[in-house]
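Q: Please take one strand of this chain and go through it closely: how it is covered, and what it pairs with. Before that, a short look at the ligand site would help me.

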Amino acid sequence: AIIRREDYTPFAWLVPETHLDFELGLESTRVTATLKVERNPAAEASPVLRLNGDGLKLESLHCDGEDCAGWAMDGDDLLVTLEGDAHTITIVTRFDPSANSQLMGLFASNGMLCTQCEAEGFRRITFFPDRPDVLSTYTLRMSGPKAQFPVLLSNGNEVATGEDGDNHWAEWHDPWPKPSYLFALVAGQLVANRDTFTTMGGRRVDLAIWVREGDLERTDHAMDSLKRSMKWDEEVFGREYDLDIYNIVAVSDFNMGAMENKGLNVFNTKYVLADADTATDGDFDGVEGVIAHEYFHNWSGNRITCRDWFQLSLKEGFTVLRDQLFSQDMGSEAVCRIGDVRVLRGVQFPEDSGPLAHPIRPDSYREISNFYTSTVYNKGAEVIRMMRSMAGPERFRKGTDLYFERHDGEAATCEDFIRAMEEGAGLDLEQFRLWYRQAGTPKIEASVLHSDKTTLLALKQSVPPTPGQPDKKPMPVPLRIAMFDRATGQHRGEQLVIMDEAQKGINFDGFAEPPILSINRGFTAPVTIERDIADADLAFLAAHDDDPFARYEAMQDLVTRHLVAAADNRLDDAAKASAREAIGQALANIIGDEAVDDLMRGELLVLPSQTYLAEQVLLADPAAIHREREGLKAWLGAELEDLFTAMHSRASKVPYSLDAAAKGARKVKVQALVYLAAGAPDVARAMAWEQYRGADNMTDRQGALMVLAGIDGIERTNALLDFYNRYEGNDLVIDKWFSVQAQSLHPNAIEHVKALADHPDFTLKNPNRVRSLYMAFAANPHAFHAASGEGYRMIADLILQLDPINPQTAARFVTPLGRWRRLEPGRSALMREQLERIAKADKLSRDTYEQVTRSLGD
Ligand code: ARG
Ligand code: ZN
């Protein structure tokens, strides 16, 4: 069935109170749910109370203590017919958590029990109106064997505990009404890293991060991140925490990053555990960002939740923006921005230009899990960021204050947020609402027309058609712009242009020569820019633009143009040689520029990804793009060998720490190795071994391993074996061991992946492990796009095998196969063939079915 946004109706019943009693067992858990229900005066009256269920066994059902007069099953849902206005319904269900391989609802992980309820997992625990607009106050009792489940946690506060022979029990009460998707329970053998935080209002909050015994010493970074998040949200958004305890539990079997359950966040271990020996700098940043994200949800998500799942971006887009602003304040603003844009372009832009494109507020779905997308999250964040850019930080804060105040305790809509912004921040967002309705990445074409007196910046906007949306209207696109004067090499100030029409011209005076255009500085709008600009001017901006993002962008543009033309065989040898010279000169400038810190230098040195390059052409030939990109890299590695070697040796002297200079040093070391591995392999091999053996941190060690794993021969084997032996038993690091091989430039990567699927440490039951092998593989262009179609077949095989075990994770692997329309004809046909093979399978989950049919198109 297709669920549509326009069909929303309020639920006929309110559930003011929910009492849950869990008799816990790994193989069998019994749940007694007691719901107080009353008619919802704001909804159309109905005698039927629809309680959602999913795979539940109903043991008994009572209404006001009696057998229920009228009830029936409707598929998995339980329908209870009620006469009067208020009732108490008692429902007993039983299920086997250890058999729950979907990891939705209550499931077992390493001997402990935990829950994941967003979006629709609560219905796998008990029959309930499992929709975000039904808010209830929860009281819970759980009991179970004390030896097996010494720690018992749920939302809110612990109100009573007791013992009963070998069993014990605990009662929890959450004073804040919440939707069922925020319910959580954890029971198991866990230890805590404890700390406290005192809020601006003077509330002393007990913080605890719960992990398995051996993991405790890797939780300090998460704890620091949590305290910094709590402080930052007070200072920047005026948001204070509202319970006496805040618990975080790390689990190793988890479909996503983490979950913001009220007072009891459940996290993938990947976003909790970090120390120098086992986590890279990227991992440390990931922990900080996700800890902050889930904490910020306490206001943007929990205190104000979503009316229905079409409003998902209301909490996710806003919370991603909040975590991005936080990370920007904790580290380097420019480098964070570049990282955020890289994710947007690498994941969201392809989504927006492919068969799965949807607006940040979708219009319909079959399975809501499929809409936890980069569009809803990352583009959603960009849309709110544009409001912030247009209003400025102070007025934006007035808007968010009004939103939080007006809708506290409610299940709200995106429209509510927009209105609060209009009134609080003083913005006119009438036309801006299109950003919520229209899918597709807008394209802005910009050219500078100059005559002796005047300069005209001519802008054109178009929004490409997407599935179900053939025609689009122009949207307001806020572009920060500066014009550089050739005479001085400076610009005369920036301006924010709101490009809200199909065509627009802006005049500038006083330039004797045509100025150089720097546009979408800071990436103020999530659009693609096509600018009419000479390579020499891009090189100028790459060297001199005072906006660091614009500088990065100019460098990326310079390389992108060249590689796209080269892959399309549009360059003769002379043209190629001169383009390489120009790029080499620009990189040499960057390496030598003392005004740039290493973190930023690392960004400026990164080549555009193959996915990004493929996005720039209508029909991509992955082999040609790969050949040209690797060719350029090798040429640069050879040409700038001395510079890279010197940069590596300079950076190698910086001792390990987490400050920006040391992180930057590690980043440029990896970049140096990457170029040298391509252009001066013998030099790189020796350097990589030295870095590998001498490493006192995972960033250096993994960076070196990546290079060594790309070599053909015994050294590859030795390096991989050493790494495995060092970290055997540490799941998160063994995940890296799988990923490094699956992502490798090694010509036999595809064979390696096949062999790794049979490795004793590989399992389809653990999502992190599955992703570490197969997402890494699907993101490895030369292997995944093997001309034989073998890579596509491997991903299709995986989907078919994984679908019955974990449909939510299986469905995520359909995305890479959805690119068939944008590939050269040979690969396109092979890819499509695999989608069709999946579509023909006997029993597909709703998740995978929806993604495969959308990917094939009508
Ligand atoms: N709300 C969680 C977060 O953004 C993610 C939940 C994902 N749920 C899902 N069904 N994929 O932090
Ligand atoms: Zn979130």
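A: A residue counts as near a molecule if its C-beta atom, placed from the backbone, lies within 6 Å of it. The model is predicted. By that cut-off, the shell around ligand 1 includes Glu118, Ala119, His293, Glu294, Glu316 and Tyr372, along with Met256, Gly257, Ala258, Met259, Glu260 and Ser369. Strand 20 (258-259) and helix 2 (281-296) are the elements that give two or more residues to this shell. Its residues divide into five nonpolar, three polar and four charged.

Now the strand itself. Strand 11 covers residues 112-116 and is mostly covered, with five of its five residues buried. In a regular strand, side chains alternate between the two faces of the sheet. In strand 11, Met112, Cys114 and Gln116 lie on one side, Leu113 and Thr115 lie on the other, and both faces are covered.

Next come the pairings. Strand 10 (residues 105-109) pairs with strand 11 in the antiparallel sense, over five bridges. Within this pairing, Thr115 of strand 11 is the bridge partner of Leu106. The two strands form a hairpin with two residues between them. Asn110, in the turn, has a positive phi of about 50°.

Strand 11 is also joined to strand 16 (residues 185-188) by two bridges, and these strands run antiparallel. Here Cys114 stands opposite Val186 of strand 16. Cys114 is thus a buried residue of strand 11 that faces a named partner in strand 16.

Terms used
Residues are numbered from 1 along each chain as its sequence is written. Chains are lettered from A and ligands numbered from 1 in the order in which they are written. This is a predicted model: local features need pLDDT of at least 70, side-chain atom pairs count only at pLDDT 80 or more; totals for chains, interfaces and linings use all residues. Helices (H or I, at least four residues) and strands (E, at least two) are DSSP runs, numbered from the N terminus. Ala, Val, Leu, Ile, Met, Phe, Trp, Tyr, Cys and Pro count as nonpolar, Asp, Glu, Lys and Arg as charged, and the others, Gly among them, as polar. A residue is buried if 20 or more other C-beta atoms lie within 10 Å of its own, exposed if 12 or fewer, and partly exposed in between; C-beta atoms are placed from the backbone. Two strands pair if DSSP finds at least two bridges between them.
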